[in-house]
Amino acid sequence: MTRATALVIGAGPAGLMAAEVMAGAGLAVTVADAMPSPARKFLMAGKSGLNLTKDESGDAVLAAYHGAGVTPMVAQFGPIEVMEWAEDLGQALFVGSSGRVFPKAMKASPLLRAWLARLDGMGVVLNRRWRWIGAPGEALFDTPEGEVRLERDVVVMALGGASWARLGSDGKWAARMGDRVAPFQPSNMGLLVDWSDKMAEHAGTPVKPLRLSAGDVSLPGEIVITARGIEGGGLYAVSRPVREGATLTLDLMPDLSVDAVRARLARKRGKASLSTHLRKTLGLPAVKRALMYEFGRPLPDELAPLLKALPVAHKGPPPMDEAISTAGGLRFDALTGGLMLRDVPGWYACGEMLDWEAPTGGYLLTACLATGRWAGRHAAARALR
C-alpha cells in the first residue's frame with residue numbers, strides 16, 4: 001500500500017507538533033521552513049528562560065484566551081499535557097513562584113535538539129530555506145535549487161504571526177489568503193511615551209507592585225520604564241483593551257485602599273516637600289513619584305484617588321514587528337472545527353497564524369502546541385481514511 005503523505009509549512013512549535021502527530025500516525029511527513037534553521041522565535045523566547053506553560057487549573061488557563069477559537073484545543077492539550085510532553089523529551093521541569101513552568105536547563109535549545117532528534121527518528125524530513133510562494137491549495141516553494149512544487153495528501157500551515165520578522169514571522173502569507181484573514185494587530189506590546197527629560201534617570205527601572213487596569217481587565221503586575229516608554233508583563237496582560245482604546249490606569253499603592261492612602265497623606269507635612277511627604281507617609285519610591293508627576297500634572301488638591309488610578313498618557317504601541325505576538329490572522333469562521341480551510345480540502349492551519357491572542361506567561365506556547373496537535377490529528381485522520 002502507498003504510504004499517506006503530509007506537508008507542514010513552518011517549523012515553529014505549532015508546525016513541529018503537527019509533524020510529530022502525523023508521523024506518529026504513520027504518515028510520511030515533510031516540513032518546509034523559510035529560515036536556515038527551525039524554530040528561531042522559539043529559541044529567542046527561551047534565551048531568558050523558556051516559559052513552557054502555566055501550572056494552573058483548566059478554567060483559569062482557558063480564561064486567558066478570552067473565548068478565542070483555540071480554547072477547545074487547549075482544553076485537550078493544556079499545561080499538564082505540555083509538561084508531560086516536555087518531560088517525555090527528557091526535559092526536567094520546575095514551577096516558579098508565579099506558576100510559570102520552565103525547563104531546569106532554562107534554555108529552549110536542549111528541548112529543541114531532543115525534539116528534532118525525535119522527529120528525525122520518526123522519518124520526518126526537514127527542508128530549510130524553503131519559502132512558500134503558493135496560494136492555499138498550491139504547495140509551491142522558492143528553494144536554493146529553484147522553484148519546487150510538492151503534492152501531498154494533506155498540508156498543515158504553521159506560518160506564524162506578524163511580529164519578529166527577522167526570526168521568520170513576517171505575516172506576508174496573509175496577502176495570499178484573501179478575505180479569510182482578520183487584520184494583524186500588535187499584542188503583548190509596550191507603549192510609547194513622550195517622556196520629559198526628568199524621566200531619563202529612571203530608564204531600566206522596574207515599577208512594582210502595581211495594579212494595572214484597562215477596560216474589563218484589572219490585575220496585579222509590574223512594568224519597566226524604558227527610554228521610549230513602558231514595557232513589562234503586567235502591561236502585556238492588558239494589551240488587548242488598551243489596543244482597543246481603553247484608558248490604562250496604574251494603582252501605585254495596590255496594597256492600600258484609597259481611604260488608607262488619604263489618611264496617611266493627611267499626616268502633618270510641615271516644611272517637607274511633597275516628594276518627601278509621599279516617601280515618608282506612603283513609602284512611595286522615586287520612580288513612582290516620577291510617574292505621578294509625569295502623568296498627573298496639574299496635580300489635584302487630593303492625591304489619593306490619583307495615586308490609586310493614575311491615567312497613563314501614551315502614544316500607542318511601537319511598530320507591530322516589535323510586539324511579542326500579534327492578534328488577527330486566519331479567522332476561525334474560515335476553518336472547520338478540525339482547523340481545515342473550508343474552501344480548500346486537505347489544507348489545515350495552526351499556531352500564531354490563527355486569529356487569537358493571549359498574555360505572556362506560557363499561554364502563547366501552550367496554544368501553539370495545542371493547535372499544532374489538533375490540526376495534525378485531524379489532518380492525519382483525513383489522510384488515512
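Two strands are taken as paired where DSSP finds at least two bridges between them. In the predicted model described here, this criterion yields an open sheet of six strands, arranged in the order S12-S15-S14-S13-S16-S17 with antiparallel pairing. The edges of the sheet are occupied by strand S12 (191-192) and strand S17 (310-311); each has a single partner strand, so one side of each is left without a neighbour in the sheet. The partner of S12 is strand S15 (residues 229-231), and the two pair in the antiparallel sense over two bridges. Within this pairing, Leu 192 has Gly 229 of S15 as its bridge partner.

Antiparallel pairing is also found between strand S8 (residues 140-143) and strand S9 (residues 146-149), which are linked by four bridges. The connection from S8 to S9 is a hairpin through two residues. Thr 143 is matched across the pair with Gly 146 of S9, its bridge partner. In general terms, the strands of a sheet pair through backbone hydrogen bonds, in either a parallel or an antiparallel arrangement.

Attention then turns to Arg 180. This residue is located in the loop between strand S10 (154-157) and strand S11 (181-187). Its relative accessibility is 15%, and Arg 180 therefore counts as buried, the cut-off being under 20%. Two polar partners of the Arg 180 side chain were identified. One is the backbone oxygen of Met 177, which the side chain reaches at 3.1 Å. The other is the side chain of Asp 343, with which the side chain of Arg 180 makes a polar contact at 2.9 Å. Asp 343 also appears in the contact list of Arg 180 when neighbours within four places in sequence are left aside. That list further comprises Pro 136, Gly 329, Leu 330, Arg 331, Ala 334, Leu 341 and Val 344.

The interior was also examined for enclosed space. Rolling a probe the size of a water molecule over the atoms shows where empty space is left. One cavity of 30 Å³ or more was counted, and the space in the largest cavity amounts to about 30 Å³. Its lining is formed by Ser 325, Thr 326, Glu 352, Trp 356, Glu 357 and Leu 364. By residue class, the lining of the largest cavity divides into two nonpolar, two polar and two charged residues. The charged members are Glu 352 and Glu 357, the polar members are Ser 325 and Thr 326, and the nonpolar members are Trp 356 and Leu 364.

Methods. Residues numbered from 1 in each chain as written. Predicted model: local features only at pLDDT ≥ 70, side-chain atom pairs only at ≥ 80, totals over all residues. Heavy atoms only, no water. Buried < 20%, exposed > 50% of the residue type's maximum accessible area, 1.4 Å probe, protein only. Polar contact = N/O pair within 3.5 Å; in protein donor to acceptor, adjacent residues only side chain to side chain. Contact = heavy atoms within 4.5 Å. 1 Å grid on protein atoms, 1.4 Å probe; cavity = no way out; pocket = protein on both sides within 12 Å on 5 of 7 lines; lining within 4 Å. Points joined across faces, edges and corners; volume = space filled by probe spheres on them.
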